[in-house]
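The following questions and answers introduce one protein model to a reader who has not met it before. Please look at the sequence and the structure before reading on.

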Amino acid sequence: MEIPGDDEIRALHERYAPGDAAFEAVWTHCVIVSEIAERIMDGAGLAVDADLVRAGCLLHDLGVYRLYGPSGTIDGSGYVRHGVLGHAILRDEGFPEEICRFCSCHTGVGLTRDDIVRQRLPVPAGDYVAESGEERLVMYADKFHSKTDPPTFVSAATYAGHVRRYGEEKVRVFEAMRESFGEPDLGPLLEKYGQGLV
């Protein structure tokens, strides 16, 4: 499988972004998530394909562009759909399933068919759960940064509190990833990007 490089991925972002502000928000978030994943890999000595992790981080939120309306704002009510929308974009672009899954399998700590049916989510019923080490790492790294306005870094404790509203099982999934990957040192990234921590 050929792994797309940074330039090819950035060009995809530029093609699908509905404007400069959307590109800046989504692309910067994806770059930050990639840097968080690199910090985790450096500290944990994981047996994962670092190039595949980087590509997955840079691509995981491509579907967010499909949620921007004519006013330039995101449709928050349908945000849970961004993963499957990104998967469809990459599939239509000819990427293999291993690459497409980074989009559809990073939301929260994974969406199961039961989650979708029980919560009546606007996503086709199915299991969208990270399986490979690379998918799990991209999903985990994504939890430490938010595209809110203004963007912010997120502590493990804050994310654990956030995911608790979806059930204790989701907290257990997050805590298992936390134990497996450790917590990234966000200090240098906070300084680099000048963003806060919640």
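**Helix α2 and its surroundings**

Q: How far apart are the end C-alpha atoms of α2, set against the span expected at 1.5 Å a residue?
A: This is a predicted model. Helix α2 has 25 residues, and at 1.5 Å a residue these should span 36 Å. The expected span agrees with the model, because the end C-alpha atoms of α2 are separated by 36 Å.

Q: Which residue follows α2, and what is its phi?
A: Helix α2 covers residues 20-44. The residue that follows α2 is Gly45, and its phi is positive, near 55°.

Q: Is Glu35 buried or exposed?
A: Glu35 belongs to helix α2. Its relative accessible area is 15%, and a residue under 20% counts as buried. Glu35 is therefore buried.

Q: Which residue has a side chain joined to that of Glu35 by a polar contact?
A: Glu35 is a residue of helix α2. Its side chain takes part in a polar contact of 2.6 Å. The partner in that contact is the side chain of Tyr193.

**The annotated domain**

Q: What share of residues 22-156 is helix?
A: The unreviewed UniProt entry lists residues 22-156 as "domain: HD/PDEase". Over this range the end C-alpha atoms lie 26 Å apart, and strand makes up 3%. The helix share over residues 22-156 is 51%.

**Pockets and cavity**

Q: Which element supplies the largest share of the lining of the largest pocket?
A: The largest pocket holds about 960 Å³ of space, and 35 residues line it. At least two lining residues come from each of α2 (20-44), β1 (145-146) and α8 (156-163). The largest share, four residues, is supplied by α8.

Q: Which residues lie nearest the centre of the largest pocket?
A: By class, the lining of this pocket comprises 13 nonpolar, 14 polar and eight charged residues. Those nearest the centre of the largest pocket are Tyr79, His82, Thr107, Gly108 and His162.

Q: Which element gives the most residues to the lining of the second largest pocket?
A: The second largest pocket contains about 190 Å³ of space. It is lined by 16 residues, and closest to its centre are Val109, Gly110, Glu169, Lys170 and Val173. Two or more lining residues come from each of α6 (113-118), α7 (133-142) and α9 (168-181). With five residues, the element that gives the most is α9.

Q: How many charged residues are in the lining of the second largest pocket?
A: The lining of the second largest pocket can be divided by class. Seven of its residues are nonpolar and three are polar. The number of charged residues is six.

Q: How many charged residues line the largest cavity?
A: The count comes to one cavity of 30 Å³ or more, and the largest cavity has about 30 Å³ of space. Its lining is formed by Val80, Gly83, Val84, Ser104, Thr107, Leu111, Val123 and Tyr128. By class, five of these residues are nonpolar and three are polar, and the number that are charged is none.

**A glycine in α8**

Q: What degree of exposure does Gly161 have?
A: Gly161 is located in helix α8. Its C-alpha atom is 22 Å from that of Glu135, and the two residues are 26 residues apart along the chain. The relative accessible area of Gly161 is 41%, which lies between 20% and 50%. Gly161 is therefore partly exposed.

Methods. Residues numbered from 1 in each chain as written. Predicted model: local features only at pLDDT ≥ 70, side-chain atom pairs only at ≥ 80, totals over all residues. Heavy atoms only, no water. 1 Å grid on protein atoms, 1.4 Å probe; cavity = no way out; pocket = protein on both sides within 12 Å on 5 of 7 lines; lining within 4 Å. Points joined across faces, edges and corners; volume = space filled by probe spheres on them. Nonpolar A, V, L, I, M, F, W, Y, C, P; charged D, E, K, R; others polar. UniProt positions renumbered as here; feature names shortened; annotations may be inferred. Expected span 1.5 Å × (residues − 1). Buried < 20%, exposed > 50% of the residue type's maximum accessible area, 1.4 Å probe, protein only. Polar contact = N/O pair within 3.5 Å; in protein donor to acceptor, adjacent residues only side chain to side chain.
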